[in-house]
Amino acid sequence: MTFSRTTRRVLLVALALGLAVIYFPLLVVFLNSFNSDTTFGWPPGGFTLEWWGRAAANDGALAALRTSVEAGLAATAIALVLGAMAAFALQRYKFIGRNPISLLIVLPIALPGIVTGIALNNAFRTILGINLGLFTAIVAHATFCIVVVFNNVVARLRRLGNNLEEASMDLGADGITTFRLVTFPMLRSALLAGGLLAFALSFDEVIVTTFTLGAGLETVPIWIYDNLFRPNQAPIVNVVAVVLILASTVPVYLAQRLSGDSASGGRL
Amino acid sequence: MKNTALLAGLLAAGLVLTACGTTSGNTAATGGGTAFTPPSLPALGKLGAGEGQLSVLAWPGYAENGSNDPKVNWVTPFEQESGCKVNVKPFGTSDEAISLMKTGQYDVVSASGDASLRLIASGDVEPVNTSLVPNYADVFGFLKNQSWNSVAGVAYGIPHGWGANLLTWRSDKVSPAPTSWSALFDPNSKYKGKITAYDSPIYIADAALYLKAHQPGLGIRSPYALDSTQFQAAVDLLKKQRPLVSEYWSDYLKESQSLTSGDAVLGTAWQVTVNVAKTGGAPVESTVPSEGATGWSDTWMVAAKSQHKNCAYLWMNYIISPKVNAQVAEYFGEAPANSKACAQTSDTKHCDTYHAGDSAYASKIAYWTTPISQCLDGRTDVKCEDYGAWTQAWTEIKG
Amino acid sequence: MTAAITNTPRPAGSPRRRLSAYLRRTPRLRLGILLSAPLAWLGVAYLGALAALFVTAFWSTDVFTGRVVVSWSLDNFATLARDAVYRTITVRTVGVAVIVTLVDAVIAFPMAFAMAKFTSRRTQRLLVIAVMTPLWASYLVKAYAWRSMLSGNGVLHWLLVPVGLDGPGYGLPATVITLSYLWLPYMILPIYAGLDRLPDSLLDASGDLGARSVRTFLSVVLPLALPAVIAGSIFTFSLSLGDYIAVKIVGGTSQLLGNVVYDNIGAANNLPFAATVATVPVVIMLLYLAAARRTGAVDTL
């Protein structure tokens with residue numbers, strides 16, 4: 001290695017410091033979930049388990065969790081299908097308009113969320129005359145989730161080439177069989193990683209959701225937004241956040257295990 | 001570039017799509033005080049059974065369901081009594097209320113004067129058949145059929161209550177206690193960076209109200225009827241105020257939290273904000289200063305497109321029933337509209353404190369109303385700045 | 001190759017087989033089918049919605065009734081160009097987005113480098129998890145945590161006062177800190193993935209040829225990792241450009257482009273002007289993407 005011991009040490013310290021910065025606010029959130037002072041002044045006013053108890057019995061948070069999971073799963077399913085189709089088209093074929101289409105796929109996530117949000121809101125309400133509901137939020141989420149699935153599948157396809165599929169076809173398997181027995185198994189982990197990221201993206205989205213979710217419905221982030229400043233609810237929000245962080249380590253870890261070779265555990 | 005060409009093509013395709021889809025506006029209905037003609041909509045003829053559901057768009061504190069304070073809850077009793085399941089959406093400014101009403105997702109709204117006429121003119125709300133609201137009979141006479149809740153003698157809503165925007169401060173951090181709005185406009189204030197102000201174009205009226213008292217030369221009669229000189233003076237005052245401001249608030253809970261944490265110690269607030277901060281243990285006081293105050297007179301209105309009109313009428317009757325009207329008035333800190341509510345308040349002096357039956361006092365508050373180019377104070381020799389100009393100026397003030 | 005296969009005798013056909021064989025002979029049709037759904041969704045529905053939005057920029061709103069009035073004019077754009085306040089806000093917003101991106105790049109690069117080159121495979125996996133997990137902690141909760149930390153009686157005040165400093169309070173610096181924090185993982189992960197693909201042998205070769213660490217870094221690592229950095233910057237830049245919530249939570253009185261758009265649609269109910277203002281970040285972002293394309297970063301996204 002060309003890197004001196006000092007360089008190594010400095011960079012590793014930087015890594016440790018960076019992680020400390022990332023986790024410090026989360027630690028504050030964790031501590032505040034036990035803070036008896038509802039404005040979260042520092043040092044904490046006192047220790048209490050009240051918020052944890054009340055969070056467990058909070059119907060609003062649980063209903064929001066259900067809505068979020070429904071929206072996330074549906075949007076992810078759509079994104080998986082569309083993202084994979086687009087990835088095949090762009091990776092396996094050369095055609096005019098390939099570049100604009102790849103740009104088009106990136107667009108929903110590259111444009112500011114508020115633009116996507118008000119554009120879809122306007123389209124649903126004034127052009128299509130659809131009342132906002134869970135369905136409209138799912139459509140909106142799927143739109144910006146396609147890109148993460150697409151990225152993961154494209155990366156996998158690029159690395160695999162299409163030798164195995166051709167071999168399968170040469171051996172007489174038809175397209176559908178080849179897809180079922182050869183292509184799909186090779187893509188499974190990329191789809192999983194992409195799907196997981198798509199779900200995460202949908203799960204934490206605030207801005208587009210604000211403009212596309214129907215009245216009376218709340219996803220977790222919308223519930224958090226409505227309750228963040230309520231004196232008796234804000235500490236419960238902290239509890240919900242801590243639970244989400246802890247719960248998320250399981251799917252993140254699994255995706256890491258399953259995606260194996262794909263170093264980033266799924267590409268953004 | 002090929003990309004651009006494709007994008008342009010697709011954009012053009014969408015353009016054709018839109019041109020036939022979007023509702024074209026009715027340009028004739030430009031506001032002209034009472035001069036406008038609202039779309040002709042019928043009021044509900046007779047009351048049927050409740051639809052089981054109701055979406056309420058309300059000022060914070062008007063439709064409490066226990067989520068802020070489990071002890072403050074009058075939505076649940078209504079749900080049990082009427083069978084209408086209520087979904088409450090609070091809003092922070094009248095503009096926000098209008099935007100939300102336009103989504104067509106809400107059945108009833110508590111509209112202030114700067115929202116009500118705009119909602120009537122655009123056909124978002126319909127006339128109200130007051131005979132279907134038995135408690136309407138007990139509403140103070142001076143609140144009925146006013147310019148902000150009726151057009152040409154047709155009632156468009158049920159009066160709810162009225163009050164003033166208050167000068168508010170942390171009594172442990174601000175001394176002596178302020179008695180004039182000048183506390184918020186002094187460039188050398190020792191509370192610089194700890195002042196909070198309302199985040200809405202309508203706040204320009206607060207500056208105009210202050211100028212009305214302190215710069216009589218400008219000749220301001222109504223803070224909502226400002227010609228270009230008067231308007232510019234108010235805007236300049238607010239631009240000078242900006243360096244003093246820590247945050248503009250439109251979320252009363254965020255403001256209450258800033259007051260509690262001490263990041264803001266002085267500003268304009270509603271009584272409900274003060275009450276929430278006090279519950280959180282912060283010593284916060286409020287007053288109507290010497291110059292008077294801007295304020296609101298609110299009306300419950302029914303959305304024209306509502307699918308739950310029976311529940312909406314049940315709600316309007318319930319929310320102004322003496323006991324509930326008293327509860328809301330005390331929690332929010334305003335004068336109740338129902339004359340019988342005064343006997344139901346837990347503080348027996350509440351109605352005296354808020355001058356509930358005092359029509360002379362009520363006429364002194366500068367109620368929120370929508371500024372239009374025809375001056376609302378009766379001047380015909382000048383044009384006044386309309387709300388569009390107020391909105392643009394507000395962006396400029398915030399910089 | 002394909003020609004050879006089509007001639008292969010096969011058990012004569014079920015409809016499925018015939019369909020399959022037909023599809024193989026007609027790659028254009030296959031491509032068409034593959035593209036149909038994504039293009040219908042993104043090309044027609046999404047671009048159509050965007051077009052419908054930006055068309056309204058040429059219309060106006062009746063201030064009193066709040067109705068959109070279809071009357072073609074460039075008035076909104078004239079206002080946008082004329083009023084100095086919108087230029088100020090645009091410059092401020094781009095400034096914040098650029099600073100956030102730079103801060104994130106400077107913090108993320110050494111972290112990603114150490115992750116990719118100085119740790120074992122097993123540790124790498126754990127580190128990636130450690131970087132990704134905070135993405136699941138709600139954006140709002142993290143922004144709010146910064147609000148409570150930056151408060152006058154918050155933890156930063158408490159930590160810094162003993163050393164004679166104080167937190168920045170609410171305002172633009174607080175916004176930059178909070179946004180940099182929020183988007184940091186979006187920068188670390190692509191850079192890490194890029195550096196991880198960079199073979200160690202290249203670094204060794206550079207060393208063998210006599211280059212020192214700094215030289216290797218500047219001449220080998222940086223050029224090869226640049227597309228990854230740019231890929232990450234697309235996230236940090238666009239997310240900062242459109243944000244209006246974090247600045248509301250920690251930004252004090254400051255407003256960014258997102259706030260102006262939001263206030264016009266969510267408060268003033270002026271969709272046409274909101275659409276006009278929204279063209280600004282869209283144009284900036286399209287320029288940014290076009291520039292990023294040249295570096296090949298969009299493909300590694």
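## A core residue and its contacts

Two residues are in contact if their C-beta atoms, placed from the backbone, lie within 7 Å. By that rule, Trp315(B) is in contact with Leu54(B), Val56(B), Phe78(B) and Val108(B), leaving aside its neighbours within four places in sequence. The model is predicted.

Trp315(B) also belongs to the largest nonpolar core, which has 309 residues. Six of these residues touch the most other members. Chain A gives Ile146(A). Chain B gives Val108(B), Ile204(B) and Trp315(B). Chain C gives Ala112(C) and Ile191(C).

## Where chain C meets chain A

In this contact, 89 residues of chain C meet 80 residues of chain A. Which element of chain C gives the largest share of its side? Helix α3(C), residues 27-56, does so with 15 residues. The side of chain C that touches chain A holds 65 nonpolar residues, 16 polar ones and eight charged ones.

## Where chain A meets chain B

Here chain A contributes 20 residues and chain B contributes 26. On the chain A side, two helices give two or more residues: α4 (98-110) and α5 (113-127). By class, this side of chain A has seven nonpolar, eleven polar and two charged residues.

## A covered helix in chain A

Is helix α10 of chain A, residues 220-227, mostly covered or mostly open? It is mostly covered, with seven of its eight residues buried. The buried residues are Val220(A), Pro221(A), Ile222(A), Trp223(A), Ile224(A), Tyr225(A) and Asn227(A).

## Domains of chains B and C

Chain B has two domains. Domain 1 covers 53-163 + 296-363, and domain 2 covers 166-292 + 371-398. Taken over C-alpha atoms, their centres are 25 Å apart. Domain 1 of chain B puts 13 residues into the contact, and domain 2 of chain B puts in ten. On the domain 1 side, α3 (94-102) and α10 (322-332) of chain B each supply at least two residues. That side divides into three nonpolar, six polar and four charged residues.

Chain C is divided too: domain 1 is 2-44 and domain 2 is 75-300. The centres of these two domains of chain C lie 43 Å apart, again over C-alpha atoms.

## An enclosed strand in chain B

Why is strand β7 of chain B, residues 158-164, described as largely enclosed by the rest of the structure? Seven of its seven residues are buried, so the rest of the structure largely encloses it.

Strand β7(B) pairs with β13(B), residues 294-303, through six bridges, and the two run antiparallel. Within this pairing, Pro159(B) stands opposite Thr299(B). Strand β7(B) is also joined to β14(B), residues 335-336, by two bridges, again antiparallel. There, Gly161(B) faces Pro336(B).

## A five-stranded sheet in chain B

Chain B also has an open sheet of five strands, in the order β10-β9-β11-β8-β12. Its pairing is mixed. Which strands stand at the edges? They are β10 (245-249) and β12 (284-287) of chain B. Each has a single partner strand, so one side of each is left without a neighbour in the sheet. On average, neighbouring strands of this sheet are turned by 25 degrees against each other, direction ignored.

The partner of edge strand β10(B) is β9(B), residues 195-198, and the two pair in the parallel sense over four bridges. In this pair, Tyr198(B) stands opposite Trp249(B).

Conventions: Residues numbered from 1 in each chain as written. Chains lettered and ligands numbered in written order. Predicted model: local features only at pLDDT ≥ 70, side-chain atom pairs only at ≥ 80, totals over all residues. Core = buried A, V, L, I, M, F, W, Y, C linked by C-beta atoms within 7 Å. Buried ≥ 20, exposed ≤ 12 C-beta atoms within 10 Å, placed from the backbone. Domains from an automatic or database assignment. Nonpolar A, V, L, I, M, F, W, Y, C, P; charged D, E, K, R; others polar. Pairing = 2+ DSSP bridges. Axes fitted to C-alpha atoms, helices over the stretch in contact; angles between N-to-C directions.
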